[in-house]
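I opened this entry to record what I looked up in one chain. I wanted the overall make-up and then one pair of packed helices.

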Amino acid sequence: METRTGFLISQVKQVQSRIFQRLLTESGVDEFNGPQGRILYVLWQEDGIPIARLVQQTGLAKSTLTAMLVRMEESGLITRENSSADKRQVIICLTDTAKGLQDKYEQVSEEMNRLFYRGMTQEDADILDGLLERILANLQELL
């Protein structure tokens, strides 16, 4: 079965990233970019987690994540601390600055969702979500 799914997913991701960044800028959020927002989103759900879990939750390569964390620490968004239980483990924590940006990020995310599903019925949206979840599960089995 030959389809254009991979190409389409890649195109959606590229266009979505540009629009999301524009929406962040229009909302007055200049403290972080879209990819850093993925990291912050995970930390807003559970603050104070090891880098290994952040790699798992964001899907970013450890080297990419590490470079982004350096920039985010320099920007005052996160801190890195050694774990009290295991000194080799680094724990990533949000600063008060980053915590204060969560509401704006969520507003931009809600706007992206409206744009994603514009013109679709709820049934269409549910089918799309289900298919994407299946693709993700298929790929995660290979990790």
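My notes go from the whole chain to a single helix pair.

**Whole chain.** I am working from a predicted model. I looked up the secondary structure and found seven helices and three strands in the chain. Reading along the sequence, I wrote down the pattern α-α-β-α-α-β-β-α-α-α. For extent, I noted that the C-alpha trace spans about 50 × 40 × 25 Å along its principal axes.

**Burial and surface.** I checked how much of the chain is buried: 26% of the 143 residues. The chain exposes about 9,900 Å², and I noted that carbon and sulfur atoms supply 51% of that area.

**Contacts along the sequence.** I took the contacts in the chain with a separation of 6 or more and looked at how they are distributed. Residues 24 or more positions apart account for 50% of them.

**Helices α3 and α4.** I then turned to α3, residues 51–58, and α4, residues 62–74. Their axes come within 10 Å and cross at roughly 110°. Angles of 65 to 115 degrees count as roughly perpendicular, so I entered α3 and α4 as roughly perpendicular to each other. I also recorded the crossing of α3 and α4 as right-handed.

Which residues make the contact? On α3 I listed I51, L54 and V55; on α4 I listed K62, L65 and L69. Sorted by class, the contact of α3 with α4 has five nonpolar residues, one charged residue and no polar ones.

Conventions:
Residues are numbered from 1 along each chain as its sequence is written. This is a predicted model: local features need pLDDT of at least 70, side-chain atom pairs count only at pLDDT 80 or more; totals for chains, interfaces and linings use all residues. Side-chain values use heavy atoms; hydrogens and water are left out. Axes are lines fitted to C-alpha atoms, for helices over the stretch in contact, and angles run from 0 to 180 degrees between N-to-C directions. Helices (H or I, at least four residues) and strands (E, at least two) are DSSP runs, numbered from the N terminus. Angles under 35 degrees count as roughly parallel, over 145 as roughly antiparallel, 65 to 115 as roughly perpendicular and the rest as oblique. A crossing is left-handed if the near helix is turned anticlockwise from the far one by less than a right angle, and right-handed if clockwise. Contact means heavy atoms within 4.5 Å. Ala, Val, Leu, Ile, Met, Phe, Trp, Tyr, Cys and Pro count as nonpolar, Asp, Glu, Lys and Arg as charged, and the others, Gly among them, as polar. Buried means under 20% relative accessible area, exposed over 50%, partly exposed in between (1.4 Å probe, protein chains only). Accessible areas come from the Shrake-Rupley method with a 1.4 Å probe; for residues, only the protein chains shown count as cover.
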